[in-house]
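Please look through the structure shown here, with its sequence at hand. The paragraphs that follow explain parts of it step by step.

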Amino acid sequence: MALEIYNSYSRRKEVFEPINPPYVGMYVCGPTVSGESHLGHARPYITFDIVYRYLLHLGYKVRYVRNITDAGHFEEEGREAEDKISKKALLEKLEPMELVQKYTNLFHWAFRKFNTLDPTIEPTATGHIVEQIAMIEDLIAKGYAYEVNGSVYFDVEKYAKGYDYGKLSGRIIEDLLETTRILESQDEKRNKADFALWKAAPPKHIMRWKSPWGDGFPGWHIECSAMATKYLGSYFDIHGGGMDLMFPHHESEIAQSTICNAHPPVKYWMHNNMITINGKKMGKSYNNVITLTELFSGAHPLLVKAFSPMTIRFFILQTHYRSGLDFSNDALLASEKGLRRLFDAYEILKALPFIEGVEASDKELDNRINTQLDELPKYIEDDFNTAKVLAGLFEIVPTINSIKDKVIASDSLSSATINRMKQDFHVFIEEILGLKNEWAVESPFKEVMNLLASIRKDARSKRDFHTSDKIRDELAKVGIEMKDDKDGGVSWNLQ
RNA sequence: GGUGCUGUGGCCGAAUGGCUCAGGCACGGCUCUGCAAAAGCCGGGAUACCGGUUCGAAUCCGGUCAGCACCUCCA
């Protein structure tokens, strides 16, 4: 059994073999912090959190680099080059760095709630201007970039003569170059397919840096190449991002790094699919964005209620990362209930008493559970099929509940199997899938609730239903549910 | 227009040639129960359409229809 990753570059699954075991270098394109993160952004960072977590689980020493894009990009062709961030800053009357800080903080806040692990390095574009300039100088020196009016462009046509520009994204270079002649006239670029490495800043542009070509700011693609090279070297294991970044962003990264480092930069390219809403990709240009703060609070016309970070994480993990995923209230509602069911069973499992030396009285069931547990690693190793992992866990849930309800004898399963279930559930639910119980409660609230449960239990045994129902009904009003268990006990949980 | 992807039950979604097509949610029946909730058991019902390859296809091939993504900032 070995981890297999779907490599977007070769378009097939490949066995994962690190370049320099036990080290693994992984670069993931991070957020542009010119605005608030939305539901769509949750997908890549949760997807690659799973990748990171699983690699750690396998014992690799992973350097996980995820950038913050805090310098602006360009607007569309034909318009004056403009820094998105400075434009918004004028509107909000904030310093550019103040704005960037605000959204960076918000991003961190949201993804802590999603329980994603922090990257080991989170470099900013503005903090690596020097490295980017150095890389551009190198590209010019090697003859693959040219300067025009203080801006520098990458010469795609020249690159394409010796290398396969377009392989990653399935582009045909002739098509890219052909459209050139039509639109070229007043453009600085030699070919439309060329992309900017450095842009001269117009006088009003707030974010600007000195460079050999005058004041300006870096192009978008160069930041990732420069930072990935700096922290992961000229050839590293995994590069991830949304599939909308394949072209031109990742294609251009490959071109830049290949020339500078004399080697293609990445062994395994991974791309997650999009989250859609009513079938359309969520994005600013579509005007269908639900931000994460709106999602968590329910404050959006499209939302019937607030959805918790774990519900969204679970929702995303129920689908394979390369499949499309469509948002709907019904789907989120279903995820919310499913997640609850999984955690209820997990809590029951954790609370099962461990008795040493029990032989399984139901060998068939015992074998079946072990077989099901054996499947879990196979699922995750199959290109991170979290949907199958969750399905596999759910298949064991009825057995756990049945043991609790004494529908199945407590000695049906051997001590070893019970132990293994506890261990595997912990590893898969918490360590690998990164799910956590949002309903967990702390002392002394927990003790108070246990006391109330005990009072209800006593009242019921005396058939004092007035008291017992009063406790249950009043608690229900404040969102706490009390349930009578089969064994005569009373349990409770937060709604 | 170019390139690529997708179309699975009421909803969300696994599974790419072969035991009955996972799992979650919803729904129906039953059990348990002071009532309730939960839980357990059982159940129905899907591979867009047409044709082909094959002993056998959701899965491979061709066509039709529908939808999406990228080609411009985009997770």
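Which residues are linked in a network of salt bridges? The network consists of R456, R460, D469, R472, D473 and D484. The model is a predicted one, and the distances quoted below are computed from its atoms.

One pair in this network can be followed in detail. The side chains of R456 and D469 form a salt bridge, with N and O 3.6 Å apart. R456 belongs to helix α16 (residues 445-461) and D469 to helix α17 (residues 465-477), so the pair ties together parts that are 13 residues apart in sequence. R456 has a relative accessibility of 2% and therefore counts as buried, since the limit for that class is under 20%. D469, at 28%, counts as partly exposed. R456 also has a contact with the RNA: one of its polar side-chain atoms lies 3.2 Å from a base oxygen of RNA strand B.

That contact leads to the RNA itself. RNA strand B is surrounded by 61 residues, and the closest are W220, L245, K280, K281 and E481. By class, the surface near the strand has 23 charged, 19 polar and 19 nonpolar residues. Helix α14 (residues 386-404) gives the most to this surface, with 8 residues.

Which parts of the RNA lie within 4 Å of the protein, by share of atoms? Of the atoms of RNA strand B within that distance, 69% belong to sugar or phosphate, and the rest belong to bases. Two contacts to phosphate can be named. In the side chain of N385, an N or O atom is 2.8 Å from a phosphate oxygen of RNA strand B. At D326 the backbone takes part: one of its N or O atoms lies 2.9 Å from a phosphate oxygen of the strand.

D326 also has a place in a sheet. In β13, D326 stands opposite T276. Strand β11 (residues 275-277) pairs with β13 in the parallel sense, over 3 bridges. These strands belong to an open sheet of 3 strands in the order β12-β11-β13, where the pairing is mixed. β12 (280-281) and β13 (325-327) are the edge strands with a single partner each, so one side of each is left without a neighbour in the sheet. K280 and K281, which make up the residue range of β12, are among the residues closest to RNA strand B.

Another open sheet has 4 strands in the order β4-β3-β9-β10, with parallel pairing. Its edge strands are β4 and β10 (266-272), each of which pairs on one side only. From one strand to the next, the twist averages 20 degrees. Strand β3 (residues 23-28) runs parallel to β4 and is joined to it by 6 bridges. Within this pairing, M26 stands opposite Y64 of β4, and V28 has R66 of β4 as its bridge partner. β3 is mostly covered, with 5 of its 6 residues buried.

R66 leads back to the salt bridges, of which the structure holds 25. R66 forms one with E122, the closest N and O atoms being 3.3 Å apart. R66 lies in strand β4 (residues 61-66) and E122 in the loop between α3 (96-113) and α4 (129-141), so this pair ties together parts that are 56 residues apart in sequence. Are the two partners buried or exposed? R66 counts as buried, at 2% relative accessibility, while E122 counts as partly exposed, at 27%.

A further salt bridge joins the side chains of K305 and E336, at 2.7 Å from N to O. K305 is in the loop between α10 (292-297) and α11 (309-317), and E336 is in helix α12 (residues 329-351), so the pair ties together parts that are 31 residues apart in sequence. K305 counts as partly exposed, at 30% relative accessibility. E336 is partly exposed as well, with a relative accessible area of 22%.

Why is α11, one of the helices flanking the loop of K305, described as largely enclosed? In α11, 9 of the 9 residues are buried, so the helix is largely enclosed by the rest of the structure. Among these buried residues are P309, R313, F314, F315 and L317.

How values were computed: Residues numbered from 1 in each chain as written. Chains lettered and ligands numbered in written order. Predicted model: local features only at pLDDT ≥ 70, side-chain atom pairs only at ≥ 80, totals over all residues. Heavy atoms only, no water. Near = heavy atom within 4 Å. Polar contact = N/O pair within 3.5 Å; in protein donor to acceptor, adjacent residues only side chain to side chain. Nonpolar A, V, L, I, M, F, W, Y, C, P; charged D, E, K, R; others polar. Salt bridge = Lys/Arg side-chain N within 4 Å of Asp/Glu carboxyl O. Buried < 20%, exposed > 50% of the residue type's maximum accessible area, 1.4 Å probe, protein only. Pairing = 2+ DSSP bridges. Axes fitted to C-alpha atoms, helices over the stretch in contact; angles between N-to-C directions.
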